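Here is my note on the model you sent. The points run from the whole chain down to single residues.

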Amino acid sequence: MSLPSLRLKANADRRLRAGHLWVFSNEVDVAATPLTAFQPGDLAQLEAANGKPLGVVGVSPNNLICARLLSRDGKHGFDKSLLVHRLNVALSLRERLFEVPCYRLVYGDSDLLPGLVVDRFFDILVVQLASATMERHRDAVIAALVQVLKPSGILFKNDSAARDAEGLERYVTTVHGQVPDWVALEENGVKFQAPVLAGQKTGWFYDHRLNRARLAPYVKGKRVLDLFSYIGGWGVQAAVFGASEVMCVDGSGLALDGVERNASLNGVAEKMTCVEGDVFEALRELKAAEERFDVVIADPPAFIKRKKDLKNGEAAYRRLNEQAMRLLSKDGILVSASCSMHLPEEDLQNILLQSARHLDRNIQLLERGGQGPDHPVHPAIPETRYIKSLICRLLPNG
């Protein structure tokens with residue numbers, strides 16, 4: 001296999017040798033190997049400044065992350081054979097962890113498949129290709145998935161903003177078999193249907209699976225408020241776990257249709273109330289109506305998508321959590337979650353402390369949670385760790 005070279009500047013290989021998979025454009029010796037010589041998705045042999053091979057990369061010449069390491073063995077290129085091997089390695093972990101085949105099967109860099117995400121819903125696969133290399137090899141991706149998993153349907157849900165940086169068009173299409181609008185899944189023994197075609201991301205968020213399981217002892221016989229509920233991942237599970245009443249608030253009618261669908265699926269429809277509208281406005285209205293809840297769950301979308309959003313994003317987390325605390329009973333439980341990679345857990349903890357003190361409440365941190373093991377963290381790539389979930393108890397300051 002003969003591939004063009006992509007050579008690094010002196011000492012630019014240190015991070016890669018330490019385990020990282022990304023090459024930044026300012027690390028490339030463009031005098032020796034100009035990035036302009038590559039097309040998006042091309043494969044190249046990555047070399048240290050002295051010419052020593054470091055492995056095979058997929059090149060995105062117009063992106064800040066201009067290359068991603070696909071294999072440290074330069075003898076093996078990126079093809080269906082490598083994909084099948086990596087998929088089998090990823091599958092072996094998930095089958096060890098979960099009895100039911102509903103999970104994130106491939107989590108990009110952490111499964112040594114940068115730019116590829118695969119969520120499994122029994123025999124349906126929902127796939128996101130976020131790099132030019134994966135898009136270029138889409139036929140090999142499909143063939144490898146069919147060989148390893150024999151799915152009845154594969155949906156490519158390629159409508160994320162990550163594709164914009166790669167210069168890729170957004171699209172959603174079924175590439176194998178048939179995929180219905182709503183697909184079945186099971187999490188923590190609770191049955192759901194997810195809108196994979198029209199819903200957010202891949203249609204479901206497996207990353208909070210273990211955090212949702214932690215709800216069980218806190219919600220029995222309690223009144224629960226689920227903010228940014230989406231299709232009821234938290235709220236419906238709370239109802240199944242024994243909550244006396246659950247109110248779900250979300251801005252999407254489709255999402256709340258999902259709440260009602262999933263509540264009925266589990267026989268807890270009579271416990272559920274849905275409120276469609278802006279969450280912050282709903283919080284103000286609930287406060288004005290002097291509503292109180294025993295448990296409030298606040299799992300918003302990422303308020304901090306980029307570093308420059310940090311200040312405004314932190315203020316939004318503060319506003320959300322403080323308003324949520326105002327609705328808690330005297331001995332109430334707040335589940336505060338964040339999927340913002342740029343917000344460290346310590347900062348979220350400080351936001352909760354400041355909010356509690358502003359309301360003259362005492363706060364106890366009871367449990368910390370992260371993403372489940374089907375979202376493994378690559379220790380060299382901090383960006384692969386993004387989920388935070390803090391379970392807190394709020395008490396009067398007496």
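1. **Cysteines.** This is a predicted model, and the disulfide count is 0. Cys248 takes part in no disulfide. The cysteine sulfur nearest to that of Cys248 belongs to Cys274 and lies 5.4 Å away. A disulfide requires the two sulfur atoms to be within 2.5 Å, so this pair does not qualify. Cys248 is also buried, at 0% relative accessible area. Cys102 counts as buried too, because its relative accessibility is 0% and the cut-off is under 20%.

2. **Overall dimensions.** The protein chain has 398 residues and a radius of gyration of 23 Å. A compact globule with 398 residues would come near 21 Å, so the value agrees with that expectation. Along the principal axes, the C-alpha atoms occupy a box of roughly 70 × 45 × 35 Å.

3. **Secondary structure and contacts.** The protein chain contains 12 helices and 19 strands. Take the contacts between residues at least 6 apart in sequence: 63% of them join residues at least 24 apart.

4. **Burial and surface.** Of the 398 residues, 54% count as buried. The exposed area of the protein chain is about 17000 Å². Carbon and sulfur atoms supply 50% of that area.

5. **Strand β19.** Where does β19 sit, and how covered is it? The strand spans residues 388-396 and is mostly covered, with 7 of its 9 residues buried. β19 pairs with β17 (residues 328-338) in the antiparallel sense, over 7 bridges. Within that pairing, Ile333 has Arg393 of β19 as its bridge partner. β19 also runs antiparallel to β18 (residues 361-369), joined by 8 bridges. Here Arg361 is matched with Pro396 of β19.

6. **Helix α2.** This helix covers residues 80-97, which makes 18 residues. From first C-alpha to last, α2 reaches 26 Å, close to the 26 Å expected at 1.5 Å a residue. Its buried residues are Leu82, Leu83, Val84, Arg86, Leu87, Ala90, Leu91 and Arg94. An α-helix has 3.6 residues a turn, so residues three or four places apart point the same way. Note that the buried set includes two arginines, Arg86 and Arg94.

7. **Packing of α2.** What do the buried residues of α2 pack against? Three of the partners are strands: β5 (65-71), β6 (102-107) and β7 (116-121). A helix, α4 (138-149), is a partner as well.

8. **Hairpin β11–β12.** Strand β11 (residues 182-187) and strand β12 (residues 190-195) run antiparallel and share 6 bridges. Leu185 stands opposite Phe192 of β12. The two strands form a hairpin, with 2 residues between them. In the turn, Asn188 has a positive phi of about 55°.

9. **Pro195.** Is Pro195 buried or exposed? This proline lies in strand β12. Pro195 counts as buried because its relative accessibility is 2%, where the cut-off is under 20%. Leaving out residues up to four places away in sequence, Pro195 touches Asp181, Trp182, Gly203, Tyr230, Ile231 and Leu254. Pro180 is 15 residues away along the chain, and its C-alpha is 8.6 Å from that of Pro195.

Definitions and conventions
Residues numbered from 1 in each chain as written. Predicted model: local features only at pLDDT ≥ 70, side-chain atom pairs only at ≥ 80, totals over all residues. Heavy atoms only, no water. Buried < 20%, exposed > 50% of the residue type's maximum accessible area, 1.4 Å probe, protein only. Helix = DSSP H or I, 4+ residues; strand = E, 2+ residues; numbered from the N terminus. Pairing = 2+ DSSP bridges. Rg over C-alpha atoms; globule rule 2.2 N^0.38 Å. Contact = heavy atoms within 4.5 Å. Areas by Shrake-Rupley, 256 points an atom, 1.4 Å probe, with all protein chains shown as cover. Expected span 1.5 Å × (residues − 1).
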